[in-house]
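Thank you all for coming. Please have a look at the sequence and the model on the screen before I start.

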Amino acid sequence: METPTRTIEQIRLACANDAELRNALQAADIVPLLMSLVHLTGQARWLDEAAPHIKGGWSFLATIPDEMQRRIREQLVLALKDVASGRSTPATISDELLTRMMHTSVGQTVPAEYNALFREETSFDHRDYKAVPWRKPVAPERLADFHTIIIGAGFSGLGMAIKLEESGIPYTIIEKNPNVGGTWLENRYPGCGVDTPCHFYSYSFAPNPEWSSFFAKRDEILRYIFDCAERYQLRKSIRFGEEVLSAAYDEKNSTWQVHTRTADGTEQDLTARVLITAVGALNRPAIPNIPGLEQFSGPAFHTACWDSNVDLTGKRVAMIGTGASGMQTGPSISGSVDRLTIFQRSPHWAIRHPLYHASVSEEVKWAIRHIPFYVSWFRFQLFWAASDGFHRTLQIDPTWSMPHLSINADNHRMREELVDYIKSKIGDRPDLLAKVIPNYPPFGKRMLRDNHWYDMLKRPNVELVTDKIDRIEANAVVTREGARHEVDVIVLATGFQASRMLGPIEVYGRHGKRLRDSWGDDDPRAYLGITIPDYPNFFMIYGPNTNLAHGGSAIFHSECQIRYVMEGIRELVEAGAKSIECRPGPFETYNAKVDRALSGMVWSHPAMTNWYKNKRGRVVMNSPWRLVDYRNLTEHLDPSDYAFERAG
Ligand code: NAP
């Protein structure tokens with residue numbers, strides 16, 4: 001395959017200033033540099049030499065000796081200059097070599113089935129492997145008949161819009177907020193940021209070489225989303241400040257009637273051939289049912305509705321909840337408040353990451369921009385380290401002898417490492433230690449990243465209360481043991497109504513069938529998390545059982561769904577059909593498979609609550625699959641899984 005001109009251009013720019021190039025190489029991670037070298041030269045011998053020194057996907061797990069690092073950097077300079085001067089061209093990487101490179105880059109066996117995922121995910125040759133092109137000519141005027149409504153302008157909705165825009169399919173996004181960004185627009189509590197490394201937590205087709213840190217904070221992520229909305233000119237197609245109240249399928253016309261309300265109360269009906277929900281799962285705050293909460297006389301607000309008008313400086317603050325939002329809020333406010341009283345119902349596991357608070361140096365950003373393949377390999381390493389690399393840790397071993405502590409040998413090893421870490425932080429405080437070590441296996445609840453949580457707990461102005469809350473009074477939180485904690489402000493870090501999927505939107509399918517009647521309050525099901533029988537031309541992004549709880553990026557999953565939806569729309573358009581509808585057979589078979597797989601995974605362990613399960617204990621949020629499995633399941637829409645209604 002011919003090397004894209006963009007890669008050659010990139011290399012010429014990289015070689016334009018020798019000092020800059022060498023500085024960047026010195027600062028950059030050695031493993032992605034090594035992979036760039038192999039990618040440029042095709043010299044696989046480097047892999048054999050480096051392999052014994054690479055023990056995982058994270059950069060800090062590579063211990064390549066200095067002398068070898070020096071040779072890699074030197075050879076890379078020569079290889080780049082050879083290409084820049086036209087003496088050579090970048091090597092063609094065979095599938096076999098690619099598998100070996102993936103394997104070496106993370107120091108673990110990576111099956112060949114990841115090849116396709118690698119090519120799609122890393123944009124290494126600037127090709128869009130996830131594109132769904134038309135297979136036969138489609139007259140643009142015909143596309144007018146396939147107007148699509150997307151609900152939500154967060155990462156998923158915008159990603160969907162970008163692909164519709166590329167295919168020429170007319171669409172409208174309806175967004176309840178005044179701007180794009182979804183959860184990243186709404187959440188602005190102190191310390192808000194992402195736990196997935198952002199060089200992976202970004203669209204595969206829109207890499208951002210400018211991330212200022214490895215785990216970006218909310219404002220920077222929002223800026224990235226704003227940039228994408230501008231770059232792909234999406235704003236013109238978004239109706240801001242308008243909420244979808246209901247959507248009903250019109251069988252006669254095979255269209256969706258979408259009923260909306262704007263901020264000023266005006267209600268409207270819109271019509272579309274296709275309806276796609278991209279409303280997220282974590283944006284309807286769960287307000288705890290604690291007696292007296294409404295009688296509290298001071299400010300009380302949820303982390304997702306942060307009240308920036310309330311100055312917490314010098315205040316006595318209660319924080320209820322210790323999940324991902326609490327983990328970021330608590331340490332961020334503990335230094336300025338007078339007292340922080342944290343009410344913990346159950347502890348969470350939290351893992352240390354050496355780069356969690358690190359920024360990306362200018363030299364590394366330069367390398368990301370200029371060294372071909374560098375960021376592709378970096379992204380793959382992050383993908384592996386943050387997701388599929390430890391999927392086996394979550395599988396219940398039925399013969400495991402300590403099921404109350406852990407679920408298999410790997411999971412137990414992880415537990416011990418986590419406990420050792422906690423002890424290294426607060427081992428001198430047995431009172432705290434007893435409160436914070438969870439009594440359920442790692443990954444039973446969402447794994448958190450330690451945001452100086454344990455350091456915070458040792459602060460003299462911080463108290464961790466594990467007694468149950470009995471009630472809230474005008475100026476205090478009172479526990480069942482009768483302790484009165486006087487506070488000025490209450491922060492509710494109490495999570496979201498995740499399993500009540502699609503929130504308050506009423507969806508009516510064929511024969512007026514109401515989706516909430518099938519799903520109930522919290523029992524959503526869908527084929528691949530995307531389609532449902534009796535709901536033709538209806539697709540969901542981030543639907544049932546698509547949450548990634550072993551790690552990975554929600555954006556990866558939504559891109560899988562977007563491709564699948566695009567294939568569905570392509571079938572519809574190319575077949576000249578009026579509707580496409582999931583058949584009951586595949587739906588039932590798939591959901592049975594999902595339930596079976598999940599029953600053998602950590603989230604069904606009885607020792608903990610989590611937002612993944614519904615009231616009956618069925619895991620309704622999480623995907624049981626590795627990312628590569630879900631990618632394979634959604635790579636192509638199989639028309640035999642669907643019924644088509646022909647036009648005319
Ligand atoms: P969460 O994980 O559901 O945590 C809610 C917390 O509130 C838990 O500690 C829960 O205790 C507690 N709680 C709920 N009701 C309570 C009550 N009545 N009394 C006392 N405590 C109560 O919610 P979250 O922290 O907002 O996170 C939700 C999800 O959003 C995360 O799992 C993640 O997917 C996403 N998120 C991600 C990031 C990030 O990337 N860094 C940041 C924020 C959120 P129990 O554990 O005992 O139920």
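I will go through the domains, then the two sheets, and then the surroundings of the ligand.

Please keep in mind that this is a predicted model, in which local features need pLDDT of at least 70 and side-chain atom pairs count only at pLDDT 80 or more, while totals for chains, interfaces and linings use all residues. Residues are numbered from 1 along each chain as its sequence is written, and side-chain values use heavy atoms, with hydrogens and water left out.

The domain assignment, whose bounds come from an automatic or database source, gives domain 1 (5–130 + 364–388), domain 2 (145–284 + 498–642) and domain 3 (293–349 + 405–438 + 442–492). Taken over C-alpha atoms, the centres of domain 1 and domain 3 are 41 Å apart.

Now to the sheets, where strands are DSSP runs of E with at least two residues, helices are runs of H or I with at least four, and both are numbered from the N terminus; two strands pair if DSSP finds at least two bridges between them. One open sheet has five strands in the order β8-β17-β9-β10-β13, with parallel pairing. Because β8 (300–302) and β13 (462–465) stand at the edges with a single partner strand each, one side of each is left without a neighbour in the sheet. The twist from one strand to the next averages 20°, with axes fitted as lines to C-alpha atoms and angles running from 0 to 180 degrees between N-to-C directions. Within this sheet, strand β9 (residues 316–320) runs parallel to strand β17 (residues 489–492) and is joined to it by four bridges, and Met319 stands opposite Val491 in β17.

The other open sheet has three strands in the order β14-β15-β16, and here the pairing is antiparallel. Its edge strands, β14 (469–473) and β16 (484–486), each pair on one side only. Strand β15 (residues 476–479) is joined to β16 by three bridges, and Val477 stands opposite His485 in β16.

Which residues come nearest to the ligand? Of the 24 residues around the ligand (those with a heavy atom within 4 Å of it), they are Ala324, Ser325, Ser346, Lys445 and Arg446. Helix α12 (residues 324–333) gives the most to this shell, with three residues, and at least three residues come from each of domain 2 and domain 3.

As for individual atoms, an N or O atom in the side chain of Ser346 is 2.4 Å from an oxygen atom of the ligand. A backbone N or O atom of Ala324 lies 2.8 Å from a ligand oxygen atom, and one of Gly193 lies 3.1 Å from a ligand nitrogen atom. The protein covers 84% of the 910 Å² of accessible area that the ligand has on its own, by the Shrake-Rupley method with a 1.4 Å probe.

Methods
A polar contact is a pair of N or O atoms within 3.5 Å; within protein, one must be able to donate a hydrogen and the other to accept it, and residues adjacent in sequence count only if both atoms are side-chain atoms.
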